Amino acid sequence: MAIQEESRAAGRHQSLSSVVYNEMRALIMQGKWTPSSRLPSEAELCKQFNVSRPVVRQALAALRDDGLVLSRQGSGSFVQPGVVPTASEPQVQFPPLTSVADLESFLNFREGIEGEAAAIAARRHTEPQLQTLREVAAHLGASSSLAEGDYEFHRAVAAASGNPFYLNSLESLRSHIMFGLGITWTFGAGQGDFQQTVQTHHGALVEAIAARDAGAARDAMRRHLQWERAKLMTGQFPEDGL
């Protein structure tokens, strides 16, 4: 029985280390961790990826085996000087928005991907990421446009998930998202409480993330996007703001 339990524990560690390895590798290959730069300490990596020190060490060992990082005793781990970020690797090519049907499909897609990003952000965010979320939510109108400020909030939620794939997706979809937000904010400009309602939605989402309530964060994001979709599709916002 003890051997079986140890085997299961080893399997869980192996699975988690693979996930962390993939996320660290993505940060290196995307140029987020640049050649010759020092990686965060093991303690910081444990906090960033919400895993134990053995998991982090296994992931670092795999990165060393692949020639992506090197370790210097007493100094930590560093990205290998010769690593070339693969910024030129093919990216996902999202279809253009050419019809109302396209836009509705895209908004449904956002509900799914951003709802899950919010749920993961609730479980894995760091205090600096939470502080950034609060600041972005509080200063919606500080950007060059309200639509831009709205996008930056959604991007900050994706960043708080700690998963580079969610953040990369939001960044890759920026033009699509801004297109929809531009229409939404144009329609909402004549409705006096529109900006306040958006900020209320954002605030509720931030508090759910701060409380580490993944279910509430997911629901808050999905309700917010459904509320905006109602305007784009019908020209009317639900009276209760969802």
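Which residues is R124 in contact with, leaving aside its neighbours within four places in sequence? I began with this question, working throughout on a predicted model.

**Entry 1: R124**

I located R124 in helix 4, which covers residues 100-124. I then listed its contacts, leaving aside neighbours within four places in sequence: E23, Q48, F49, N50, Q129, A160, S161, G162 and R212. I also asked whether R124 is buried or exposed. Its relative accessible area is 16%, and the cut-off for buried is under 20%, so I recorded R124 as buried.

**Entry 2: R212**

The contact list of R124 includes R212, and I turned to that residue next. I found R212 in the loop between helix 9 and helix 10, the latter spanning 214-234. The C-alpha atoms of R212 and R124 are separated by 8.1 Å, although the two residues stand 88 residues apart along the chain.

With neighbours within four places in sequence left aside, I noted A122, R123, R124, H125 and E127 as the residues in contact with R212. I looked further at A122: the side chain of R212 reaches the backbone oxygen of A122 at 3.5 Å. The relative accessibility of R212 is 40%, and I therefore entered R212 as partly exposed.

I checked the backbone of R212 as well. Its phi is near 55 degrees, which is a positive value in a residue other than glycine. I kept in mind that most residues other than glycine have a negative phi.

**Entry 3: S36**

Where is S36 found? I placed S36 in the loop between helix 1 (2-29) and helix 2 (42-49). Its phi is near 75 degrees, again positive in a residue other than glycine. I recorded S36 as partly exposed because its relative accessibility is 45%.

**Entry 4: E111**

I returned to helix 4, where E111 is found. Is E111 buried or exposed? With a relative accessible area of 3%, E111 is buried. I noted that a polar contact of 3.5 Å joins the side chain of E111 to that of Q226. Leaving aside neighbours within four places in sequence, the residues in contact with E111 are R222, L225, Q226 and R229.

**Entry 5: helix 5 and helix 9**

I then turned to helix packing; two packed helices are described by the angle between their axes and the distance between the axes. For helix 5 (residues 127-138) and helix 9 (residues 194-210), I read an angle of about 170 degrees and axes 9 Å apart. Helix 5 is therefore roughly antiparallel to helix 9.

I listed the residues on either side of this contact. From helix 5 they are L130, L133, R134, A137 and A138, and these meet Q199, H202, V206, E207, I209 and A210 in helix 9. By class, I recorded seven nonpolar, two polar and two charged residues in the contact of helix 5 with helix 9.

**Entry 6: helix 2 and helix 3**

At what angle do the axes of helix 2 and helix 3 cross? I read roughly 105 degrees, with the axes of helix 2 and helix 3 (residues 53-65) coming within 9 Å. Helix 2 is therefore roughly perpendicular to helix 3.

In this contact, E42, A43, L45 and C46 of helix 2 meet R53, V56, R57 and L60 of helix 3. I recorded five nonpolar, no polar and three charged residues for the contact of helix 2 with helix 3.

**Entry 7: the hairpin**

Last, I looked up the strands. Strand 1 (residues 69-72) and strand 2 (residues 76-79) pair in the antiparallel sense, over four bridges. Which residues of strand 2 are the bridge partners of S71 and R72? I found S77 as the partner of S71, and G76 as the partner of R72.

Strand 1 and strand 2 form a hairpin with three residues between them. I noted a positive phi of about 85 degrees at G74 in the turn.

Key:
Residues numbered from 1 in each chain as written. Predicted model: local features only at pLDDT ≥ 70, side-chain atom pairs only at ≥ 80, totals over all residues. Heavy atoms only, no water. Pairing = 2+ DSSP bridges. Helix = DSSP H or I, 4+ residues; strand = E, 2+ residues; numbered from the N terminus. Axes fitted to C-alpha atoms, helices over the stretch in contact; angles between N-to-C directions. Parallel < 35°, antiparallel > 145°, perpendicular 65-115°, else oblique. Contact = heavy atoms within 4.5 Å. Nonpolar A, V, L, I, M, F, W, Y, C, P; charged D, E, K, R; others polar. Buried < 20%, exposed > 50% of the residue type's maximum accessible area, 1.4 Å probe, protein only. Polar contact = N/O pair within 3.5 Å; in protein donor to acceptor, adjacent residues only side chain to side chain.
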